[in-house]
Each structure stands twice: as structure tokens, then as C-alpha cells.
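Visitor: I would like a brisk tour of this model. Please show it, then take my questions one at a time.

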Amino acid sequence: MYPAVPPPKGLVGRSVDFKLKPGWRYDEVKGVFVSAKGAEFTAPRLPKNGRLVYKVPKLARLAPKGLSKAEQDLQRYMQVILPSSRSTKELLKIVQSLPCVEEAHLTPEISLPMEKSAPQE
């Protein structure tokens, strides 16, 4: 097994993955979280070029009534994509404190495989 090599610092930012509580959804047009009862909660302000996205956008736009339990569960998964890894830990705390969020965590650290050099003779 080859040891992992971290990617260059400027290559990619880390994101925050989270799962909405049952009955909540994100209205992408309005930029608000909406409960099953119609209560709205404004999404937190994100850094420049940051965005909130569904992990499975096609499922998120479908009515839950015609979906299986597993598909309904997948509708609740979202991600905050950031342009850099700066301030991700602070944003994680904010996302975790939202009343519509069941759980949130930083995405795993990525790494690149290290190329094994040919044996020297």
C-alpha cells in the first residue's frame, strides 16, 4: 500500500455535509429552509462563491409521497461547498446549530496516491 499524499493547498476546499431533519427541505430559489408545516428559516450567509446543494438533486425535486423510504432519506442530504478550506470549522458549528439540521460533519480529508518509483538497479 502506498502512503497518501495530501493535495496542494489551493486545489480544493473542504465542504460540510449535513442531513435535514424529517419534514424539512431547502428551497433553492428563495434560499430558505422550509418545514412540512410551512415555517421558513433563512440559510446562513456563506463565504463568496460558497453554495448549498443537494447531494441528489434529482430526488430532492420530487414529491416524497411516491418515493421509497430510502429515497425519502436521500432527499434530506445536503452539502455546503466552499471555495477554500478556510473557516470550514466555524461554518460547521453554524450548520450544526440550525434548527432544521439533524446532523452535520466535515467531509473526509482527500489525498492522492503516491506513485511508486521503479526499483533502481
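Visitor: In what order do the elements of the protein run from the N terminus on?
Guide: Keep in mind that this is a predicted model. The secondary structure comes to three helices and nine strands. From the N terminus on, the order is β-β-β-β-β-β-α-α-β-α-β-β.

Visitor: What share of the residues in the protein is buried?
Guide: The protein has 121 residues. Buried here means under 20% relative accessible area. The buried share is 32%.

Visitor: How much of the exposed area do carbon and sulfur atoms supply?
Guide: The protein exposes about 8,800 Å². Carbon and sulfur atoms supply 56%.

Visitor: What share of the contacts with a separation of 6 or more comes from residues 24 or more positions apart?
Guide: A contact needs heavy atoms within 4.5 Å. Count the contacts in the protein with a separation of 6 or more. Residues 24 or more positions apart account for 66%.

Visitor: Which strands are the edge strands of the four-strand open sheet?
Guide: The sheet order is β6-β7-β2-β8, with antiparallel pairing. An edge strand pairs on one side only. Here those are β6 (51-54) and β8 (101-106).

Visitor: What is the average twist in that sheet from one strand to the next?
Guide: Take the order β6-β7-β2-β8 again. From one strand to the next, the twist averages 25°.

Visitor: Which residue in β8 is the bridge partner of Lys19?
Guide: Strand β2 covers residues 16-20. Five bridges join β2 to β8, and the two run antiparallel. The partner of Lys19 in β8 is Glu103.

Visitor: At what angle does helix α3 run to β8?
Guide: Helix α3 covers residues 88-97. The helix lies across β2, β7 (77-81) and β8. Its angle to β8 is about 170°.

Visitor: Which strands are the edge strands of the three-strand open sheet?
Guide: The order is β3-β4-β5, and the pairing is antiparallel. Each edge strand pairs on one side only. Those strands are β3 (25-27) and β5 (40-42).

Visitor: By how much are neighbouring strands of the sheet β3-β4-β5 turned against each other on average?
Guide: The pairing in this sheet is antiparallel. With direction ignored, the average turn between neighbouring strands is 35°.

Visitor: Which residue in β5 does Phe33 stand opposite?
Guide: Strand β4 covers residues 32-34. Three bridges pair β4 with β5 in the antiparallel sense. Opposite Phe33 in β5 stands Phe41.

Visitor: What is the phi of Asn49?
Guide: Most residues other than glycine have a negative phi. Asn49 is not a glycine, yet its phi is positive. Asn49 is found in the loop between β5 and β6, and is exposed, with a relative accessible area of 62%. Its phi is about 70°.

Visitor: How many salt bridges are there?
Guide: Side chains of opposite charge can pair when their charged atoms come close. The cut-off is 4 Å from a side-chain nitrogen of Lys or Arg to a carboxyl oxygen of Asp or Glu. By this rule the count is seven.

Visitor: How far apart are the closest N and O atoms of Asp73 and Lys19?
Guide: Asp73 sits in helix α2 (residues 69-74) and Lys19 in strand β2, 54 residues apart. Asp73 is partly exposed, at 25% relative accessibility. Lys19 is buried, at 9%. Their salt bridge has its closest N and O atoms 2.9 Å apart.

Visitor: What is the N to O distance in the salt bridge of Glu102 and Lys19?
Guide: Glu102 lies in strand β8 and Lys19 in strand β2, 83 residues apart. At 41% relative accessibility, Glu102 counts as partly exposed. The distance, N to O, is 3.8 Å.

Visitor: Which residues are linked with Lys19 in a network of salt bridges?
Guide: Lys19 forms a salt bridge with Asp73. Lys19 also meets Glu102 in one. The residues linked with Lys19 in the network are Asp73, Arg76 and Glu102.

Visitor: With which residue does Arg61 form a salt bridge?
Guide: Arg61 lies in the loop between α1 (57-60) and α2, and its partner in the loop between β3 and β4, so the pair ties together parts 33 residues apart in sequence. Arg61 is exposed, at 56% relative accessibility. The partner is partly exposed, at 37%. With closest N and O atoms 3.2 Å apart, the partner is Glu28.

Key. Residues numbered from 1 in each chain as written. Predicted model: local features only at pLDDT ≥ 70, side-chain atom pairs only at ≥ 80, totals over all residues. Heavy atoms only, no water. Pairing = 2+ DSSP bridges. Axes fitted to C-alpha atoms, helices over the stretch in contact; angles between N-to-C directions. Buried < 20%, exposed > 50% of the residue type's maximum accessible area, 1.4 Å probe, protein only. Areas by Shrake-Rupley, 256 points an atom, 1.4 Å probe, with all protein chains shown as cover.
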